[in-house]
Amino acid sequence: MSKLTRSVWAEVTLDAIAYNVRQFRAFVGPHCELMAVVKANGYGHGALETAYTMIANGTNWLAVALPEEAVRLRRGGITAPILVLGAVGADELDVCVAADLVVTVFEPHIAKLLSQAAVAQQKLAKVHIKVDTGMGRLGLLPKDFTNLVELVRELPGLEIQGVFTHFAQADQEDLAYTRWQWARFQSVLENLRIRGISIPYVHAANTAATLFFPASHLDLVRVGLGIYGMYPDARRPLHLKPALNLKTKVAFVKRVPAGSAVSYDSTYVTEKETSLAVLPIGYADGLSRGLSNRGQVLINGTLCPMVGNITMDHTLVDLGDLPASIGDEVILLGTDGIHEIHAHDWAKLLGTINYEITCTLSSRIERVYR
Ligand SMILES: Cc1ncc(COP(=O)(O)O)c(C=O)c1O
């Protein structure tokens with residue numbers, strides 16, 4: 001049977017990923033390593049497919065949220081070190097050891113079970129211990145940190161390779177909270193120094209901290225968003241190229257009279273005679289219904305409004321008098337060289353962040369690499 005190709009696709013430009021990696025490499029300098037965060041299928045861009053380009057251009061480490069994401073990378077031939085950032089369950093530890101994953105540890109029970117799994121497999125499992133300096137999510141509080149480090153150091157089969165924390169507000173122009181977290185992290189590190197404990201990798205910075213708080217670069221930076229060419233806010237201290245273009249083709253065009261109602265609930269009614277284009281993409285693809293009557297698309301060099309309610313599989317566009325035919329290419333995210341539509345434009349309309357836009361493009365959309 002010949003391959004069916006759906007007329008909705010996300011073009012991922014590997015050259016843009018390569019460029020962004022090189023930009024970050026140059027920005028952090030030769031003494032800082034680069035960890036590319038490829039969780040959630042590489043923020044929707046394809047983890048395995050982009051990982052090879054990242055590594056070829058100077059990425060030293062990968063990070064994922066789940067062991068299964070890391071295992072998929074290993075099965076795809078990735079041999080680079082992979083840090084699992086999320087909480088690993090007791091039943092996932094054997095797999096982590098077998099796949100040489102670096103596990104994030106922040107409580108004694110899992111540390112002990114991981115030690116047993118490593119001993120059983122006659123391996124040395126590397127761990128990074130996470131301290132919560134103010135994110136309020138994973139990680140143990142600074143007061144408990146040194147005790148856990150002391151305990152893990154005594155467990156057979158484990159090596160503490162790293163300690164890290166995560167910033168909650170590094171994308172804010174006011175870095176007061178970030179500096180406060182930084183100070184708490186410093187005192188944790190000072191406690192280790194006092195005890196003569198030296199850890200090879202100390203890290204803290206995500207994309208925002210890498211860009212806006214260079215003091216936090218330390219031994220490595222954990223960059224997700226920026227590698228894909230997106231920014232945490234409106235500031236642009238580093239030039240990056242967006243790597244994902246979302247495209248489709250016009251499925252149908254029809255001329256309708258003034259007063260024609262469009263889509264479920266008839267939330268849009270044409271004011272004059274106009275042409276409507278039907279696009280074969282809907283909220284099941286990750287085109288949020290919240291963009292109904294708000295978003296725009298690029299057709300034949302012109303920005304045209306999405307009109308009426310976005311449906312599960314279809315979206316309507318008011319072309320006005322713009323000529324367009326079935327099969328014409330439509331850009332939902334990306335550029336035609338003149339106009340640009342970015343994930344942050346959608347995010348602004350939806351009251352969310354650009355991360356959510358690319359992460360929620362569904363698996364129904366084929367990723368095409370070029
Ligand atoms: C612990 C941790 N580090 C780094 C990152 C990467 O963040 P960003 O995509 O903002 O660079 C994330 C992403 O959420 C994270 O959870």
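A colleague asks about a predicted model, and its modeller answers.

Colleague: On what basis are local features and side-chain pairs counted in this predicted model?
Modeller: Residues are numbered from 1 along each chain as its sequence is written, and side-chain values use heavy atoms, with hydrogens and water left out. Totals for chains, interfaces and linings use all residues, but local features need pLDDT of at least 70, and side-chain atom pairs count only at pLDDT 80 or more.

Colleague: How many helices and strands does the chain have?
Modeller: Both are DSSP runs, numbered from the N terminus: helices are H or I with at least four residues, strands E with at least two. The C-alpha atoms fill a box of roughly 80 × 55 × 40 Å along the principal axes. The count is eleven helices and 20 strands.

Colleague: What separates the centres of domain 1 and domain 2?
Modeller: The bounds come from an automatic or database domain assignment. Domain 1 spans 14–228 and domain 2 spans 244–369. Nine residues of domain 1 are in contact (heavy atoms within 4.5 Å) with seven of domain 2. Taken over C-alpha atoms, the centres are separated by 38 Å.

Colleague: Where does the largest nonpolar core lie, relative to the domains?
Modeller: A nonpolar core is a set of buried Ala, Val, Leu, Ile, Met, Phe, Trp, Tyr and Cys residues joined through side-chain atoms within 4.5 Å. Of the 120 residues in the largest one, L73, I129, L246 and I299 touch the most other members. Domain 1 and domain 2 both give residues to this core, so it lies between them.

Colleague: How many residues form the other core, apart from that one?
Modeller: Its members include V262, L276, V278 and L316. The total is six residues.

Colleague: Which residues of helix α4 are buried?
Modeller: Buried means under 20% relative accessible area, exposed over 50%, partly exposed in between (1.4 Å probe, protein chains only). Helix α4 covers residues 67–75. The cover over its buried residues includes α2, α3, β3, β4 and α5. Those buried are P67, E69, A70, V71 and L73.

Colleague: What phi does G77 take?
Modeller: G77 comes just after α4. Its phi is positive, about 100 degrees.

Colleague: Is H45 buried or exposed?
Modeller: H45 sits in the loop between α2 and α3. Leaving out residues up to four places away in sequence, it touches V12, T50, Y228, M230, A243, L244, T358, R367 and Y369. With a relative accessible area of 1%, H45 is buried.

Colleague: What is the relative accessible area of G290?
Modeller: G290 is in the loop between β14 (274–279) and β15 (296–299). Its C-alpha atom is separated by 19 Å from that of A277, 13 residues apart along the chain. G290 is partly exposed, at 30%.

Colleague: Which side chain has an N or O atom 2.5 Å from an oxygen atom of the ligand?
Modeller: Of the 14 residues around the ligand, K39, Y43, T207, R222 and Y355 come nearest; a residue counts if one of its heavy atoms lies within 4 Å. Ligand oxygen also lies 2.8 Å from a polar backbone atom of G224, and the figure for L225 is 2.8 Å. The side chain at 2.5 Å is that of Y355.

Colleague: What share of the ligand's accessible area does the protein cover?
Modeller: Accessible areas come from the Shrake-Rupley method with a 1.4 Å probe; for residues, only the protein chains shown count as cover. On its own the ligand has 390 Å². The protein covers 93%.

Conventions. Polar contact = N/O pair within 3.5 Å; in protein donor to acceptor, adjacent residues only side chain to side chain.
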